[in-house]
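I opened this entry to record what I looked up, starting with burial and working out to overall shape.

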Amino acid sequence: MISRRDAALRLDIPIEMAVRHGLPTRLSDSEFAELEQNPPAWLLQSRANRSAKARPVWVTLTCDICGFTDSARPKKWWPEFTYLSCDNHDIWDLPEPGEGLHREEFDDIGGRFIGVVDS
Ligand SMILES: [Zn+2]
């Protein structure tokens with residue numbers, strides 16, 4: 001069985017789209033295989049609408065302190081992060097910003113990360 005969230009991740013579609021088109025909260029492996037092998041019209045349409053340059057639907061966030069990873073929907077306002085850290089670490093466990101660089105922190109990245117930008 002896989003969860004609807006995992007199915008959306010693997011199909012590279014937003015969860016809302018999976019919900020809207022009636023994907024159950026859990027799918028069996030064969031249901032998922034069927035979806036991939038015989039994609040319904042809405043899934044084909046969604047794939048056709050995505051250009052190669054489009055923002056990815058999902059990104060993998062990795063903590064630079066402990067290596068924890070999670071998938072998240074990227075937000076338009078996210079800058080290019082120098083570092084990411086889980087929100088329960090001491091931010092000073094990250095390397096110091098380079099000479100003359102100014103450090104900015106962004107809370108609530110993907111739910112449980114803090115983004116750091118040195119510029
Ligand atoms: Zn961490």
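**Burial and cores**

I began with burial: 13% of the 119 residues of the protein chain count as buried. I keep in mind that this is a predicted model.

Next I asked which residues make up the largest nonpolar core. I found 9 residues: Leu61, Cys63, Tyr83, Leu84, Leu94, Ile109, Phe113, Ile114 and Val116. Strand S5 (83–86) and strand S7 (113–118) each supply at least two of them. S7 gives the most, with 3 residues.

I then picked Leu84 from this core and listed its contacts. Setting aside residues up to four places away in sequence, Leu84 touches Leu61, Thr62, Cys63, Asp64, Ile109, Phe113 and Gly115.

I also noted a second, separate core of 5 residues. Among them are Ala7, Ile13, Ala18 and Leu23.

**Domains**

I checked the domain assignment. It gives domain 1 as 2–49 and domain 2 as 59–118. The C-alpha centres of domain 1 and domain 2 lie 30 Å apart.

**Fold and shape**

I counted 4 helices and 7 strands in the protein chain. Along the sequence I read β-α-α-β-α-α-β-β-β-β-β.

Is the chain more spread out than a compact globule, or not, and why? The radius of gyration is 18 Å, well over the 14 Å that the globule rule gives for 119 residues, so the protein chain is more spread out than a compact globule. I put the box filled by the C-alpha atoms at roughly 55 × 30 × 20 Å along the principal axes.

Last, I looked at contact range. Of contacts between residues at least 6 apart in sequence, 45% join residues at least 24 apart.

Notes:
Residues numbered from 1 in each chain as written. Predicted model: local features only at pLDDT ≥ 70, side-chain atom pairs only at ≥ 80, totals over all residues. Core = buried A, V, L, I, M, F, W, Y, C linked by C-beta atoms within 7 Å. Buried ≥ 20, exposed ≤ 12 C-beta atoms within 10 Å, placed from the backbone. Helix = DSSP H or I, 4+ residues; strand = E, 2+ residues; numbered from the N terminus. Contact = placed C-beta atoms within 7 Å. Domains from an automatic or database assignment. Rg over C-alpha atoms; globule rule 2.2 N^0.38 Å.
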